[in-house]
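Below are some notes on the fold, written as numbered points. Please read them alongside the coordinates.

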Amino acid sequence: MSTTPPQEPSDTQSPTEDESEALHEVEQTEVEQTEVEQTEEEPSKLIVMQSSVANHAFAFFDKSKPMESALVDMLGELSPDNPRYQIRSFLYKLFSFLGNPLPPTWPLVEPSVFASYYHSLRDQISGLCVWIEGKKDIEFDKQMMPRFLGETVLYLMRLEYERPTSFNDVTDETLDLLAQRPQAIIDYDQLYCTADSTQRRADRMIQEFDAPDSKVLFVGDDDLVSVVLAPRFSGEVHMVDLDDRLLDFIGEKSPNVHRHKADFVFDGVDAALYQQYDAVALDPPWGYYRLWCFLEKAMFCLKDNRHARIYMSFCPLHLENQQRKMHRFQKRLTKLGFTFDSIETAFNLYSLSLDDQPEVPGRLDALLPDVESTLLDFIRHVPYVHSQLYVLRRLPYFQPNPVQKWFFKWWNRAK
Ligand SMILES: C[S@@+](CC[C@H](N)C(=O)[O-])C[C@H]1O[C@@H](n2cnc3c(N)ncnc32)[C@H](O)[C@@H]1O
C-alpha cells in the first residue's frame, strides 16, 4: 500500500494522483497542532447531549480533562475486550487526520453535530469510492474493498452514536468459553466475529426462543454461538459444520450441544434435520453461490410455521453492490417462500487485528487496489469490519410448487 497522500476527492471531482510526501508531512503537522489545540479548548463550551444515549460513558467523563484522558475516562469502566476502546480511538485519530477533530465529548453530541461530522466523512469516503470505481483497470473485487471499509467506518460511527457501549460488552463467562478455540482457517472461509458479537447472537436466541421445547441450530459455527448459548438455554442447541476441530472443541466445551457433520457445498444435511428447528443461524461465506448453499440448508432445517426465524449474518455489499444481485436474492427468497423480517445494521463485528486473526490483515491487503490515497491507507486500519443481521421468516400462505418442493428437499439432504 502506498503511503503518499492525495487530497481526497469529492463525488464529482477526481483527485490528483501525484501528491507529494512533503504535503503529507505538512498535513500531519497541522493535524498534530489541531489535536493539541483541541485538547486545550475549554470543554465546558461544548454542547453535551443529555438524552437516552447519555446513559453510557457520560458518567465517567470529566470535562476539565484534555481529550486523551477524557477518552480513557469515558471508557474507563469497560472491559478491555469491548471493541469500543479501539473504535473510539480510531475515530478520534481519523477525524484529527482529516483536520476536523472530534469534540472531547464525542459521542455525546447534538444530532446536528453528529450530522456535520458524519456527512463530511461520508462525502470524502464516497468521493474515494467513486474515484476508485471509475478506474477500469482495477478488478471489481478490489474496487469493492474500499467501499466496504468506508461503509464499515460509517457504520462504526453510527454504532458509537446510536448504541450504548454496553451493546458491545462481553462477559467473562463468554470469554472463558471461547478461550483456546481452534485458529480460524481460510480453507473453510473462517473469520471469527468478536466475542461480543457471539454473545449478542446468543442473547438474541434466548430473547426470542428460550423455552424447554425449543430447538435451535447453527449452520456452520466457527463463531461458537452454540457453546455460549448452551449453558443458558432451556431448549436444545444443535450445530452442524464440516470442520472436525470445531466439532471436537464444541463437544469439549459444551457437551450438551448436539453436533452434526455436513458439507453444505458438495453435499447436504442429514434428512432427519428437515424442518426440525424454531431458529436457524448462519454466517455464510461472502460469495453468492456459497451463500445460497448455506442458506438453503438453513431453510431446509427450519420448521414450517409463522414463528420460525433464520438469522443470517452477512456483508451487505456482497448483496447490494453487485448489479441485480439484491434483486436476484429477493426473487429467489420469495420463490422459496421466505421474506425479510428485519435487517439490523452492524450487528456483528470482525476483528482485523493481527493478534486476533493472524491471516486476515494479509488477506485484506491482497484485496486492496494499488492506488495512492492516504484516506484509504487510513481506513484500511479500521480495527473491525461489520456485517448486518438479516432476519428471515416464512411467508404465510405460501404454497410451494410440489415438484420444486420435492427437488429442494432432495437437493439439500445428504446423499
Ligand atoms: C463459512 S464460515 C464464515 C464465517 C465467518 N464468521 C465469516 O464471516 O466469514 C462459517 C462456518 O462454515 C463452516 N464451513 C465452511 N465451509 C463449509 C462447508 N462446505 N460445509 C459445511 N461447513 C462449512 C466453517 O467451518 C465455519 O464454521
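1. The central feature to check is an open sheet of seven strands, in a model that is predicted. The strand order is β3-β2-β1-β4-β5-β7-β6, and the pairing is mixed. At the edges lie β3 (258–261) and β6 (338–351), each of which pairs on one side only. From one strand to the next the twist averages 20 degrees.

2. At the β3 end of the order, strand β2 (residues 236–241) and β3 run parallel and are joined by four bridges. Within this pair, Val 240 stands opposite His 260 in β3.

3. Two helices pack on the sheet. Helix α7 (residues 195–209) touches β1 (215–219), β4 (279–282), β5 (309–314) and β6. Helix α10 (residues 288–301) also touches β1, β4, β5 and β6. The direction of α7 makes about 165 degrees with that of β4, and the direction of α10 likewise makes about 165 degrees with that of β4.

4. How do α3 and α5 cross? The axes of helix α3 (residues 84–97) and helix α5 (residues 140–162) come within 10 Å, and the crossing angle is roughly 115 degrees. Angles of 65 to 115 degrees count as roughly perpendicular, and α3 and α5 are therefore described as roughly perpendicular to each other. The crossing is left-handed.

5. The contact between these helices involves Ile 87, Arg 88 and Leu 91 in α3, which meet Leu 156, Met 157 and Glu 160 in α5. By class, the residues of this contact divide into four nonpolar, no polar and two charged.

6. Which residues come nearest to the ligand? Of the 21 residues around the ligand, these are Tyr 188, Leu 191, Gly 220, Asp 222 and Leu 242. The shell divides into 11 nonpolar, two polar and eight charged residues.

7. Two backbone details deserve a look. Most residues other than glycine have a negative phi, and most peptide bonds are trans. A cis peptide bond, with omega about 10 degrees, joins Trp 106 and Pro 107. Pro 107 is placed in the loop between α3 and α4 (111–133).

8. The second detail concerns Asp 189, a residue other than glycine with a positive phi, near 55 degrees. Asp 189 is in the loop between α6 (172–178) and α7, and α7 is one of the helices that pack on the sheet.

Key
Residues are numbered from 1 along each chain as its sequence is written. This is a predicted model: local features need pLDDT of at least 70, side-chain atom pairs count only at pLDDT 80 or more; totals for chains, interfaces and linings use all residues. Axes are lines fitted to C-alpha atoms, for helices over the stretch in contact, and angles run from 0 to 180 degrees between N-to-C directions. Angles under 35 degrees count as roughly parallel, over 145 as roughly antiparallel, 65 to 115 as roughly perpendicular and the rest as oblique. A crossing is left-handed if the near helix is turned anticlockwise from the far one by less than a right angle, and right-handed if clockwise. Two residues are in contact if their C-beta atoms, placed from the backbone, lie within 7 Å. Ala, Val, Leu, Ile, Met, Phe, Trp, Tyr, Cys and Pro count as nonpolar, Asp, Glu, Lys and Arg as charged, and the others, Gly among them, as polar. A residue is near a molecule or strand if its C-beta atom, placed from the backbone, lies within 6 Å of it. Two strands pair if DSSP finds at least two bridges between them.
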